[in-house]
Amino acid sequence: MNTLWKTSVNKAFYGFLAYTLLSGIIASIASWADSASSIASFASGKADFSLFDFSTLVNLLAIVGFVYYFLGIKGMRDSAASTPLAEGTAQMYTGTLIGLIGSIVRIIPFLGFIGAIVSLVGFVFMMLGVSKIKKLKELNALAAKGAGQLFTMMILQIVSFVIDIIMIIPFLGEVICFILSIVIFIYAFLGWKNFSNSELPQA
C-alpha cells in the first residue's frame, strides 16, 4: 500500500501543479491576450465572433490537470483507508470531487459564476482535509512542513476565488489574482514536493 501511496502523492503533485499553472498564471495571460485581440479586431472593424479562443483551450487543459490531481487524491484516500490519514484524505477527496465539478461548470458559458462558487466550496473541503493531515504526529518533519505549506496555499486559493467572484474593480482584481496565482503555484510546488516525502503510517 505504501507504493500506491507514493505513486498517488506524486500524481496529485504533478496534477495540481499543472492545474495551478494553467488555471492561474497562464489563464490570466491568455485572458489578457484574448481581450487585446478582441480590442484590435474591433478597432480594425473586423468583429471576432469565434466561440473558441486561447482562454478556452487553457481552461480545458487545466481541467485535464485537475482530473490527474483527482486521481492522485483518490489513490491517496484508498491507500490510507485504514491509517490515521484516512479522515483527512477522505475530506480532500470530497473537496477534490466538488472542485472538479466546479472547474467543468466554470467553462460553460453563463455558468462561470456558479462554477466559481462550487470550486470555492471544494477548496474549503480540501483545506479542512489538509488541516487534519498536518496535525498528525505520524508525519515526518518534512512531510508535516509540506502539509503546512499546502494549507497556506489552500487559503490563498480560496482568497483568489473570493476576489474573482466579487470582482468589484475588474482590472485591479485580475492583477491581484495573477499575483496570487504565482504565489499559489510556488506554495503548491514546495508543499507537494515536501509532502511527497511522507510515508504511509501503520494502522
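**Cavity**

I began with enclosed space in this predicted model. I found one cavity of 30 Å³ or more. The largest cavity has a volume of about 40 Å³. I then listed its lining: Met76, Met92, Val130, Ile133, Ala147, Leu150, Trp192 and Phe195. Helix 4 (112-134), helix 5 (141-166) and helix 6 each give two or more residues to that lining. I sorted the lining residues by class. Eight are nonpolar, with no polar and no charged residues.

**Pocket**

Next I turned to open space. The largest pocket holds about 930 Å³. I counted 33 residues in its lining. Nearest its centre lie Ser23, Ala27, Asn59, Arg106 and Asp164. Which element gives the most to this lining? I noted helix 1, with ten residues. Helix 1, helix 2 (54-79), helix 3, helix 4, helix 5 and helix 6 each supply at least two residues. By class, I recorded 14 nonpolar, 14 polar and five charged residues in the pocket lining.

**Overall fold**

I stepped back to the whole chain. It has six helices and zero strands. From the N terminus on, I read the elements as α-α-α-α-α-α. Buried residues make up 44% of the 203 residues. I also checked how far along the sequence the contacts reach. Among contacts between residues at least 6 apart in sequence, 79% join residues at least 24 apart.

**Aromatic pairs**

I looked at the rings next. The count comes to 13 aromatic pairs. One of them is formed by tryptophan 5 and phenylalanine 195. This pair is edge-to-face, at 6.1 Å centre to centre and with 65° between the planes. What does the pair tie together? Tryptophan 5 lies in helix 1 (residues 2-43) and phenylalanine 195 in helix 6 (residues 170-195), so the pair joins parts that are 190 residues apart in sequence. I checked exposure as well: tryptophan 5 and phenylalanine 195 are both buried.

I then compared phenylalanine 13 with tyrosine 14. Their ring centres are 4.9 Å apart and their planes meet at 25°. Stacking requires planes under 30 degrees apart, so I entered this pair as stacked. Are the two residues buried or exposed? Phenylalanine 13 counts as buried because its relative accessibility is 4%. Tyrosine 14, at 52%, counts as exposed.

I also traced a cluster linked by ring pairs. Its members are Trp5, Phe16, Tyr19, Phe66, Tyr69, Phe123, Phe161, Trp192 and Phe195. Trp192 and Phe195 were already in my notes, in the lining of the largest cavity.

**Charges over rings**

I looked for charges placed over rings. The charged end of arginine 77 sits over the ring of tyrosine 93, 4.0 Å from the ring centre. Lysine 134 lies over the face of phenylalanine 151, and here I noted 4.9 Å from the ring centre.

**Threonine 96**

I picked threonine 96, which sits in helix 3 (residues 86-106). Its relative accessibility is 0%, so I marked threonine 96 as buried. What does threonine 96 contact, leaving aside its neighbours within four places in sequence? I listed Phe66, Tyr69, Phe70, Ile73 and Met126. Phe66 and Tyr69 also appear in the ring cluster above.

**Glycine 115**

Glycine 115 is in helix 4. With 0% relative accessibility, glycine 115 counts as buried. I checked its spacing to glycine 99, which is 16 residues away along the chain. Their C-alpha atoms are separated by 8.8 Å. Leaving aside neighbours within four places in sequence, I found glycine 115 in contact with Gly102, Val105 and Arg106. Arg106 is also one of the residues nearest the centre of the largest pocket.

**Phenylalanine 110**

My last entry is on the backbone. Phenylalanine 110 is not a glycine, yet it has a positive phi of about 75°. Where does phenylalanine 110 lie? I placed it in the loop between helix 3 and helix 4. Its relative accessibility is 85%, so I noted phenylalanine 110 as exposed.

Methods: Residues numbered from 1 in each chain as written. Predicted model: local features only at pLDDT ≥ 70, side-chain atom pairs only at ≥ 80, totals over all residues. Heavy atoms only, no water. Phe/Tyr/Trp six-rings, centres within 6.5 Å; stacked < 30°, edge-to-face > 60°. Helix = DSSP H or I, 4+ residues; strand = E, 2+ residues; numbered from the N terminus. Buried < 20%, exposed > 50% of the residue type's maximum accessible area, 1.4 Å probe, protein only. Lys NZ or Arg CZ within 6 Å of the ring centre and 35° of its normal. 1 Å grid on protein atoms, 1.4 Å probe; cavity = no way out; pocket = protein on both sides within 12 Å on 5 of 7 lines; lining within 4 Å. Points joined across faces, edges and corners; volume = space filled by probe spheres on them. Nonpolar A, V, L, I, M, F, W, Y, C, P; charged D, E, K, R; others polar. Contact = heavy atoms within 4.5 Å.
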